[in-house]
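This briefing walks through one protein model, topic by topic. Keep the sequence and the structure in view while reading.

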Amino acid sequence: MQESFKATVKITVTGAAGNIAYSLLWRIAAGEVYGKDTPVDLTLLEIPAAVKAAEGVAMELRDSAFPLLRDITVTADLETAFSKTQAAFLVGSRPRSKGMERADLLTANGAIFSAQGKAINDFADRDVKVLVVGNPANTNALIAANNAPDLDPSQFTAMMRLDHNRVLGQLAEKLGTPSAEFEKVAVWGNHSASQFPDLTYANVDVDHDWYVNELIPKVANRGAEIIEVRGHSSAASAASAAVDHMHDWIHGTEDWRTAAIVSDGSYGVDEGLVCGFPTVARDGRWEIVQGLELSEFQKESIAASVEELRSEREAVQHLL
Ligand code: NAX
């Protein structure tokens, strides 16, 4: 049986003692990212104060006896964490504390993601794929990419698949149709309340008023709604979206998905910003869907979110 397995892959998860990781690690260990034929070595990165808790997580992973799970390493050291890693989920980040301004949050996280970007640049596999989940995800990915000059910027992405999945979930509930039947849905912009969920090209017949006045604000504010109702921020749904993003990036998809990737200037989005686009994945790369006609409504909605990304970039200019 062993002979049919592919080579073992090394996957790194940061923030390994946190809520999202507690779902994500189990999905990865079950083979849902690379496939059921690919064994995985897992490396769990945490801050020193949370290494012990991450060791407890590692003990539970062992106790799950996953057939594909090989080595588990728990560390607070960046070189150990990223050495030869092929896929990195950058989940750990600094939450906003009381009285902290958005600019302070950007800078505090900037320090984390510049250090991790450098370590990935120096120690990771040359084809590493990086997904930033920790917020502010788009700008953290921008910082990491800019601190990894030896790697291609396309190797750094931020997670907007949860926003994409939230649109599918809302449509499925509204129309009573399984989510897999919806095509050509996308979410443009920043993973924040300024994002623009776009149904222009989707194969759905919904009331325009419901779309603009209910669906868009619902999806854009879903994170806050989950906190209010569940009492904790989204965790399992975020982990699920992270698995979807990395799975599709590795295996490819011709179906439209939303990934936040480094802009090449398409659709008037400043080159270099990490922005959500309608994307497909081919040969291990995300590609922006080209040739779309944008209405004034779409252009204005995208521009508003891009403006926020620009101002975030301004606030972290010293880290780029
Ligand atoms: P938790 O606070 O439960 O866990 C975060 C963990 O990261 C903690 O254990 C902490 O010790 C660790 N950490 C902090 N700095 C670190 C560093 N420098 N290196 C390694 N580990 C470090 O948060 P959780 O609920 O897991 O959420 C993690 C991040 O995901 C947050 O920034 C959150 O805002 C963000 N989210 C992003 C989403 C997206 O769609 N992009 C959606 C869900 C989520 O809100």
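Is V133 buried or exposed? V133 counts as buried, because its relative accessibility is 9% and buried means under 20%. The model is a predicted one, and the points below cover its largest pocket, two sets of positions listed by UniProt, and a residue in helix α6.

**The largest pocket**

- The volume of the largest pocket is about 1400 Å³.
- It is lined by 46 residues, and those closest to its centre are V91, S93, V133, G134 and N135.
- The lining of the largest pocket is made up of 23 nonpolar, 17 polar and six charged residues.
- Helices α1 (19-29), α4, α6, α7 (208-220) and α8 (222-230) each contribute at least two residues to this lining.
- The most comes from α4, which supplies six residues of the lining.

**A UniProt set that includes V133**

- An unreviewed UniProt entry gives the feature "binding site" for G15, A16, A17, G18, N19, I20, A21, N109, Q116, V133, G134 and N135.
- From this set, G15, G18, N19, I20, N109, Q116, V133, G134 and N135 belong to the lining of the largest pocket.
- V133 sits in the loop between β5 and α5.
- Leaving aside neighbours within four places in sequence, V133 is in contact with I20, L90, V91, M159 and A242.
- A17 is in the loop between β1 (9-14) and α1.
- A17 counts as partly exposed, because its relative accessibility is 29% and the partly exposed class runs between 20% and 50%.
- Not counting residues up to four places away in sequence, A17 touches E46, A50, A53, A54 and V57.

**A second UniProt set**

- The unreviewed UniProt entry also places the feature "binding site" at R96, R102, N135 and R166.
- These positions are spread over 71 residues of sequence and are also spread in space, with up to 24.8 Å between C-alpha atoms.
- R96, R102, N135 and R166 are included in the lining of the largest pocket.
- R96 lies in the loop between β4 (87-90) and α4 (102-123).
- With a relative accessible area of 48%, R96 is partly exposed.
- R96 is in contact with E101, R102 and L105, leaving aside its neighbours within four places in sequence.
- N135 is in the loop between β5 (129-132) and α5 (137-146).
- N135 is partly exposed, at 36% relative accessibility.
- Among residues over four places away in sequence, N135 touches S93, N109, N140 and H191.

**D163 in helix α6**

- D163 is part of helix α6, which covers residues 161-175.
- Which class does the relative accessible area of D163 fall into? D163 is buried, because its relative accessible area is 1% and buried means under 20%.
- The side chain of D163 makes a polar contact with the side chain of H191, at 2.9 Å.
- Not counting residues up to four places away in sequence, D163 touches V187, H191, Q195 and V219.
- H191 is thus touched by D163 and is also touched by N135.

Terms used: Residues are numbered from 1 along each chain as its sequence is written. This is a predicted model: local features need pLDDT of at least 70, side-chain atom pairs count only at pLDDT 80 or more; totals for chains, interfaces and linings use all residues. Side-chain values use heavy atoms; hydrogens and water are left out. Helices (H or I, at least four residues) and strands (E, at least two) are DSSP runs, numbered from the N terminus. Buried means under 20% relative accessible area, exposed over 50%, partly exposed in between (1.4 Å probe, protein chains only). A polar contact is a pair of N or O atoms within 3.5 Å; within protein, one must be able to donate a hydrogen and the other to accept it, and residues adjacent in sequence count only if both atoms are side-chain atoms. Contact means heavy atoms within 4.5 Å. UniProt positions are given in the numbering used here, feature names are shortened, and annotations may be inferred rather than shown by experiment. On a 1 Å grid over the protein atoms alone, a cavity is a set of points where a 1.4 Å probe fits but cannot get out, and a pocket is an open set with protein on both sides within 12 Å along at least five of seven lines; lining residues have an atom within 4 Å of a point. Grid points are joined across faces, edges and corners, and a volume is the space filled by probe spheres set on the points. Ala, Val, Leu, Ile, Met, Phe, Trp, Tyr, Cys and Pro count as nonpolar, Asp, Glu, Lys and Arg as charged, and the others, Gly among them, as polar.
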